[in-house]
Amino acid sequence: MTQLLDIAREAIRSHFSDDLPMPPQLDLYHRKLRANGACFVTLEVDGQLQGCLGTVTANEPLVIEVHNKARDSAYQDRRFMPLTEEQLDSLTIEVSVLSEPKLLSVASEEELLAYLEQHKVGVILTEHYSQAVFLPQVWEKLPKPSAFIKALKQKAGWPMNHWSPNVRVKTFTITQMKGKYFTPLA
């Protein structure tokens, strides 16, 4: 799995070199990494979020998805200015590989909150064409289920008190790896 961090590093590095950005060669990786996978790549500079983009649907081989999401997080996340070469010394990369999201049958927001008291998982809220996703890491900043769900609804563009029978909830877990952009030489 550390190969995924290397793929993310290379995707970012190639932006600052004269090399043509090339996606990873699938035949160089284990079949598990060549299988379709969903992931998010989160970038931090000096501990501050610098980019985080991903997908909850496994449509492409995981190594390709990590490569693309690393580049997107570094240069396409509209919330942030594109990553600069000066930031690389302070850059930390986190790759989160998602499990298959599972539909959670809840009849009310109260039922969802009760479930989340016991399960600190990733959550996807969907209603019609609006969707919002929080990775399990968000629990570190929003440890109370009510605050977690309010912030997720806000991210979806819904009022914080919104709930309807059309809200669909999916949950997922992650496998994550985190490392500095520059790894010390052995």
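So, E44, E94 and K178: these three are linked in a network of salt bridges. Keep in mind that this is a predicted model.

Let's take one pair out of that network. K178 forms a salt bridge with E94, and the closest N and O atoms are 3.9 Å apart. That still counts, because the cut-off is within 4 Å. And where do the two partners sit? K178 is in strand β8, residues 174-180, and E94 is in strand β3, residues 91-98, so this pair ties together parts that are 84 residues apart in sequence. As for accessibility, E94 is buried, with a relative accessible area of 9%, while K178 is partly exposed at 47%.

Okay, over to helix α1. The helix covers residues 2-13, and R9 and D6 both lie in it, three residues apart, which is about one turn. R9 forms a salt bridge with D6, with 2.9 Å between the closest N and O atoms. Buried or exposed, what's R9? R9 comes out buried, at 12% relative accessible area; the reason for that label is that buried means under 20%. D6, on the other hand, is partly exposed, at 44%.

Same helix, another pair: E10 and R13 are also in α1, three residues apart, so about one helical turn separates them. They form a salt bridge too, and here the closest N and O atoms are 2.6 Å apart. E10 is partly exposed, with a relative accessible area of 35%, and R13 counts as partly exposed as well, at 29%.

And how many salt bridges does the structure hold? Eight. The ones I walked through are among them: K178 with E94, R9 with D6, and E10 with R13.

Note on methods
Residues are numbered from 1 along each chain as its sequence is written. This is a predicted model: local features need pLDDT of at least 70, side-chain atom pairs count only at pLDDT 80 or more; totals for chains, interfaces and linings use all residues. Side-chain values use heavy atoms; hydrogens and water are left out. A salt bridge is a side-chain nitrogen of Lys or Arg within 4 Å of a carboxyl oxygen of Asp or Glu. Helices (H or I, at least four residues) and strands (E, at least two) are DSSP runs, numbered from the N terminus. Buried means under 20% relative accessible area, exposed over 50%, partly exposed in between (1.4 Å probe, protein chains only).
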